Amino acid sequence: MSNTKQNTNNDKVEITPDLKLFIDEWKDKPGNLIMVLHRVQETYGYIPRSITFDVAALLEVPLAKIYGVLTFYNFFKTEKPGRNIIQVCMGTACYLRGGDDIMEELEKQLGIGVNGTTKDNEFSLEAVRCLGCCGLAPVVVINGDVHGKISSNDVAGLLKTYREKESVTA
Amino acid sequence: MAFKNYLLVCGGTACDSSKGIELTDELRKEIDAAGLKDDVQIVRTGCLGFCEKGPIVKVLPEDTFYVSVKPEDAKELVQEHLVKGRIVDRLLYNHEQGKSLVTVEGIDFYQKQFRIVLRNCGVIDPDKIDDYIARDGYAGLEKALFEMTPEQVIDEVSRSGLRGRGGAGFPTGKKWSFAAAQPKGEKYMVCNADEGDPGAYMDRSTLEGDPHSVLEAMAIAGYAIGASKGYIYIRAEYPLAIRRLETAIEAAREYGLLGEKILNSDFDFDIELRLGAGAFVCGEETALLASIEGNRGMPRPRPPFPAVKGLWDKPTVINNVETLANIPVIISKGADWFNKIGTADTRGTKVFALTGKVNNTGLIEVPMGTTLREIIFEIGGGIKDGREFKAAQTGGPSGGIIPREFLDTPIDFGSLSKIGSIMGSGGLIVMDDTDCIIDIAKFYLEFTVDESCGKCSPCRIGGRKLQNYLSRISDGRGQLKDIENMQKISEAMTRASLCGLGQTASNPVQSSLKYFMDEYLEHINDRKCRAGKCKKLITYTITDKCIGCTVCTRHCPVAAITGTVKEKHVINQARCIKCGICYEKCKFDAITRS
Ligand SMILES: Cc1cc2nc3c(=O)[nH]c(=O)nc-3n(C[C@H](O)[C@H](O)[C@H](O)COP(=O)(O)O)c2cc1C
Ligand code: SF4
Ligand code: SF4
Ligand code: FES
Ligand code: FES
């Protein structure tokens with residue numbers, strides 16, 4: 001949609017010492033790749049392309065294998081997300097209680113689709129499956145905070161709150 | 001040190017996100033301010049089940065049960081209850097109805113429940129191993145190691161009649177005996193905590209509320225089958241459960257309950273966590289193993305079964321979280337205690353995540369054989385907003401839609417499969433007359449199509465076809481022959497798919513065709529959706545109640561409404577995009593939806 005940021009994941013990103021240490025620690029354990037990718041995403045918020053080259057070299061696995069795994073799992077992101085990450089639950093309980101209306105409203109107000117990031121880099125929109133608090137359906141999670149029992153009328157207020165919040169990391 | 005009072009504050013995910021953390025801080029502050037620091041102990045427990053009414057605070061020893069407690073209520077609760085010994089009536093359950101209930105005695109939600117799996121959830125602090133031990137924790141492991149041979153452990157589990165709670169209901173004792181029968185050497189014990197059914201959170205709550213019960217069970221299983229290494233494969237989407245497990249594993253190692261020479265016996269066993277990464281198919285056991293091995297999570301044909309050739313080609317037992325949580329109790333109380341609970345088909349209890357259109361949503365545990373009616377109308381308190389029950393779905397995307405006529409079916413593995421559904425892992429979703437069966441079936445198919453790994457064509461192509469037919473029908477473009485085609489595709493998928501995902505993906509379609517054919521026909525022949533859910537089939541019309549206020553004209557995003565002030569307005573049906581805004585905005589109920 002119109003407000004979607006076009007992104008390409010080509011920046012060179014330096015590998016952090018912590019990450020390097022983690023990879024060394026896991027290097028000889030069988031089945032380490034997914035755990036390493038989790039750590040990469042934890043470190044950068046997504047999986048930077050240049051880091052996959054480092055991981056390939058350090059773990060001595062082909063890049064193709066890394067991308068094969070990376071693209072199979074929904075959890076891994078290959079694009080850098082916006083400053084605020086909005087996750088709308090699309091599990092059954094939330095769907096029955098109007099999760100799709102909330103998603104629609106968010107798409108409308110942000111002018112982006114699912115998995116999009118706004119041009120100003122303020123918001124990314126994601127759909128997730130059941131966050132395990134179905135008792136609060138419908139549920140939206142913003143930067144890890146759970147907002148339960150919300151309606152499409154709450155959307156504007158939520159966006160305003162997060163837009164105005166100082167960035168935690170920057 | 002004994003305290004005068006204990007405040008059990010729910011620290012489950014749902015309560016935490018309803019300001020449960022701020023509430024705990026406030027309570028702590030107020031307790032300090034009142035000088036009660038040495039008399040009152042705050043315990044942050046796991047989910048008490050009644051998340052709908054969270055955050056929940058229970059005061060011991062009186063057992064007072066406070067619901068929907070907000071941080072602002074902390075002062076009154078401390079001052080009134082703890083200082084003056086007076087119950088805060090306005091925070092009790094059912095206060096608004098003038099029928100306040102002081103303890104869980106009498107609250108419908110807790111009647112008929114029987115807790116084995118959730119025995120410690122909402123009772124102990126999951127981060128304190130001593131709390132678990134104080135409630136007979138690790139007694140089962142001790143008994144197994146020092147009083148029983150591995151064969152006797154397996155025999156006990158077999159005699160208990162326990163069947164796997166991950167969905168398929170395979171007898172647990174039998175599964176263990178297959179792996180035990182393999183030649184000695186490296187073997188693995190894996191716990192499946194991938195919980196993929198969207199709309200279910202039984203395993204999450206168990207792990208968050210009582211992580212040691214799963215660790216203890218894995219050690220017992222390891223001893224029984226001869227494995228010294230265990231893995232817990234857990235969804236990355238469950239950060240709190242992961243943290244609690246990490247804490248629990250550390251504590252168990254420190255106490256000599258995991259690691260080398262457990263409790264000074266000759267048995268070594270340790271556990272590692274492996275994170276899932278958002279793929280439903282990885283709940284399937286062979287895909288799960290591929291994922292632990294660091295590969296794409298694709299299923300492979302069985303046999304060979306994992307018990308023979310599993311993780312890194314070694315014999316491996318995979319059990320679900322809930323299955324495992326039963327084990328310590330079975331060992332310490334004995335098979336004969338356990339196998340008196342439940343039905344002949346399925347012994348024990350089942351945990352359900354009761355959600356959808358019921359008044360009391362939450363996490364419940366009932367003996368097998370409880371009927372859907374008891375669960376939905378007694379524990380669940382009936383349908384929300386006094387509406388009408390339409391159907392229930394068990395087993396999530398792999399399950400079937402169950403109509404009203406089967407409300408009195410006693411639930412167990414056998415009875416549910418007889419009526420075209422499955423037990424599944426414990427999602428129980430209730431629908432009312434505003435839910436459209438075709439829309440629900442479409443929702444599930446969208447899910448399975450999205451999650452199909454794509455390895456085999458019946459699932460990859462068949463699922464997409466079914467989804468397309470359902471979309472067509474819901475858009476009002478369906479044809480009668482679509483029904484027959486859907487039936488054929490469903491059957492092919494069930495028979496020819498490689499793994500359980502594809503084999504069961506058509507269940508929502510097959511069961512809805514069986515029990516709700518009239519709704520399909522209505523959508524196809526009359527282009528009508530009686531629930532008003534299928535947007536393209538709705539028509540909005542303005543009736544004579546219209547006084548010509550022009551509100552609707554101003555809000556319609558596509559200028560489909562015309563009319564002059566103080567005269568009746570009309571909707572141009574060809575332009576209308578059925579957004580429903582006019583319907584919501586009209587203050588005179590002059591717009592109808594059909
Ligand atoms: C598509 C698919 C998804 C599954 N998801 C889960 C799951 O999330 N959790 C689980 O315990 N079992 C799941 N299972 C069942 C497992 O394959 C396996 O039968 C189960 O973990 C065995 O444990 P149990 O005998 O204790 O039930 C799934 C099966 C299929 C086919
Ligand atoms: S049935 Fe579906 S999920 Fe299972 S192997 Fe085939 S394509 Fe993959
Ligand atoms: S439903 Fe929406 S598009 Fe149709 S007339 Fe009403 S406001 Fe306009
Ligand atoms: S379905 Fe949304 S939290 Fe479970
Ligand atoms: S999370 Fe508190 S009752 Fe469920």
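Ligand 1 occupies the second largest pocket of this predicted model. Its surroundings comprise 18 residues, and the closest of these are B:Gly166, B:Lys175, B:Asn319, B:Asn320 and B:Thr323. By residue class, the shell around ligand 1 consists of 9 polar, 6 charged and 3 nonpolar residues. Two secondary-structure elements of chain B, strand E8 (316-320) and helix H18 (500-504), each contribute at least two residues to this shell. Of the elements involved, E8(B) makes the greatest contribution to the shell around ligand 1, namely 3 residues.

Several polar contacts to oxygen atoms of ligand 1 were identified, with partners on chain B. A polar side-chain atom of B:Thr323 is placed 2.7 Å from an oxygen atom of ligand 1. For B:Asn319, the corresponding distance from a polar side-chain atom to an oxygen atom of the ligand is 2.9 Å. B:Glu285, by contrast, is involved through its backbone: one of its polar backbone atoms lies 3.0 Å from an oxygen atom of ligand 1. Considered in isolation, ligand 1 exposes 610 Å², of which 89% is buried by the protein. B:Asn319 and B:Thr323 thus appear both among the closest residues of the shell and in these side-chain contacts, at 2.9 Å and 2.7 Å respectively.

The second ligand is also surrounded by residues of chain B, including four cysteines. In total, 13 residues surround ligand 2, and the closest are B:Cys453, B:Cys456, B:Cys459, B:Cys499 and B:Gly502. The composition of this shell is 8 nonpolar, 4 polar and 1 charged, whereas the shell of ligand 1 contains 3 nonpolar, 9 polar and 6 charged residues. Residue B:Gly502, one of the closest to ligand 2, falls within the bounds of helix H18 (500-504) of chain B, an element that also supplies at least two residues of the shell around ligand 1.

Chain A was examined with respect to its fold elements and domains. Its secondary structure amounts to 7 helices and 4 strands, and these follow one another along the sequence in the order α-α-α-α-β-α-α-β-β-β-α. The domain assignment divides chain A into domain 1, covering residues 17-72, and domain 2, covering residues 84-169. A distance of 29 Å separates the C-alpha centres of domain 1 and domain 2 of chain A. The C-alpha trace of chain A extends over about 50 × 30 × 25 Å along its principal axes.

Conventions: Residues are numbered from 1 along each chain as its sequence is written. Chains are lettered from A and ligands numbered from 1 in the order in which they are written. This is a predicted model: local features need pLDDT of at least 70, side-chain atom pairs count only at pLDDT 80 or more; totals for chains, interfaces and linings use all residues. Side-chain values use heavy atoms; hydrogens and water are left out. Domain bounds come from an automatic or database domain assignment. A residue is near a molecule or strand if one of its heavy atoms lies within 4 Å of it. A polar contact is a pair of N or O atoms within 3.5 Å; within protein, one must be able to donate a hydrogen and the other to accept it, and residues adjacent in sequence count only if both atoms are side-chain atoms. Accessible areas come from the Shrake-Rupley method with a 1.4 Å probe; for residues, only the protein chains shown count as cover. On a 1 Å grid over the protein atoms alone, a cavity is a set of points where a 1.4 Å probe fits but cannot get out, and a pocket is an open set with protein on both sides within 12 Å along at least five of seven lines; lining residues have an atom within 4 Å of a point. A molecule sits in a cavity or pocket if more than half of its atoms lie within 2 Å of its grid points. Ala, Val, Leu, Ile, Met, Phe, Trp, Tyr, Cys and Pro count as nonpolar, Asp, Glu, Lys and Arg as charged, and the others, Gly among them, as polar.
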